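Hi,

Here is the structure I promised to pass on. Have a look at it first, then read my notes below.

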Amino acid sequence: MKFQLRLLTAAAVVAVAVSAPRALALVSLEDGRDHVYVDGTVEMGYDSNLFANSQNSGTMTYEGTLSTEFARRAGWIGVNATASLNWARYGNFRSQDYVDPKLSAELTKQTGRTTGSLTVSAAKQDHTDLTINTRDTSWDYDAGLNVQYPVIERYSITGSFDFNKVDYTDAEIFTNQTVYAGNLYLYYILNDQRDLFIDARDRYTSEENNTHDIDKAISAGVSGRVYGPFNGSVQVGYQTRNSFGGIDNGATYQDVTASGTTTWNINRRITLTGDLSRDYSTTALAQSLESTRAGLTAQDSFTARASGTLSGSIGENRFIGVEGELEPEGKHREDEFVSATASYFYTFNQHLKVSINYTYYRSFSNVGFAEFGRNQVFFTASSHW
């Protein structure tokens with residue numbers, strides 16, 4: 001009976017994905033300067049480890065998103081505003097069901113000597129956190145300011161300031177955080193294919209348990225044609241983290257930092273994309289973390305309607321500081337992982353796309369609770385109007 005109920009529910013979800021979006025429409029106002037877009041997505045599948053830990057708690061999942069976007073392109077200021085609603089139902093863990101709203105807005109200036117954007121957003125987030133091996137719920141508030149100014153013909157300056165506040169609904173377990181980050185880039189146009197740049201970054205992370213961390217980094221990189229047939233942006237540098245308050249007061253950590261994404265268009269059908277990241281962060285339990293990740297994705301457009309991707313990644317999450325020590329031996333927690341994803345996409349028309357996705361994730365850790373495997377299979381139908 002349970003299997004029949006799940007099958008009927010899944011069939012109903014697919015039917016909604018295929019038929020319901022047809023009632024939605026794209027609206028154009030003010031002689032085409034204002035547009036209203038509507039997007040809908042439904043997804044059903046199976047997650048073998050919803051909480052990402054050694055208990056291996058699997059469940060059928062049903063998820064969906066409905067969003068409306070307003071875009072205005074008139075004058076020297078562009079406007080984008082989006083309101084969306086995300087929901088999920090978990091067959092074996094109904095206490096994890098959620099309905100999450102999100103509001104975001106962006107003002108852009110793309111003309112004149114100085115260009116940039118101002119963004120704000122507020123969203124409720126329910127997700128599985130791989131660094132703490134459980135699920136958490138929070139309200140996230142973000143704001144960002146980005147400005148670019150060309151100094152002379154070959155030089156330009158880009159600056160950004162970002163604010164992020166995370167309020168967890170279960171404050172007895174998780175630690176609320178506020179992050180302020182500033183970046184200053186100096187770009188030099190080497191030639192018509194390649195730019196060189198230097199990036200200076202300061203980041204201040206304040207935790208509600210009266211501790212805070214200060215991260216400083218200096219990097220150099222290249223954007224455009226990185227090397228040979230690879231196009232994108234890559235930067236490598238040096239970073240430090242200073243921790244204050246709590247049992248880790250006065251500690252200093254130093255290491256290499258890196259980030260970047262490059263793409264190789266092998267031919268008209270196939271592209272190969274690589275990505276790399278290495279940075280400090282703070283977990284929901286106020287633990288200092290150094291994360292390293294490298295990934296590779298191949299995409300093949302089989303036909304005008306069908307395409308597929310195959311991706312893999314490896315990485316490490318290294319817990320630093322006293323909070324990351326394991327008792328009684330005093331070693332630090334270290335998690336290593338491998339992940340692989342295969343996806344197939346098919347476009348019926350400009351309003352309906354479907355896909356099937358399989359992801360395998362394996363975590364290796366010196367903490368038994370954090371050593372696990374995870375398999376996810378999902379069927380998705382989406383529509384854009």
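Which residues make the nonpolar surface patch of about 880 Å²? They are Y149, V151, I152, Y155, I157, L184, L186, I198, I218 and Y238. (A patch takes residues with over 30% relative accessible area and no salt bridge, joining like charges within 9 Å and nonpolar side chains, meaning Val, Leu, Ile, Met, Phe, Trp and Tyr, within 5 Å; the areas come from the Shrake-Rupley method with a 1.4 Å probe, and for residues only the protein chains shown count as cover.)

Before you go on: this is a predicted model, where local features need pLDDT of at least 70, side-chain atom pairs count only at pLDDT 80 or more, and totals for chains, interfaces and linings use all residues. Residues are numbered from 1 along each chain as its sequence is written, and side-chain values use heavy atoms, leaving out hydrogens and water.

Now the salt bridges (a side-chain nitrogen of Lys or Arg within 4 Å of a carboxyl oxygen of Asp or Glu). The count comes to 19. R318 is a nice one to click on: R318 pairs with E290 at 2.5 Å, N to O, and with D255 at 3.7 Å. E290 is buried, at 2% relative accessible area, and D255 is buried too, at 19%, while R318 is partly exposed at 27%. (Buried means under 20%, exposed over 50%, partly exposed in between, with a 1.4 Å probe and protein chains only.) There's also a salt-bridge network linking R201, R203, D213, D215, R241 and D279.

Cheers
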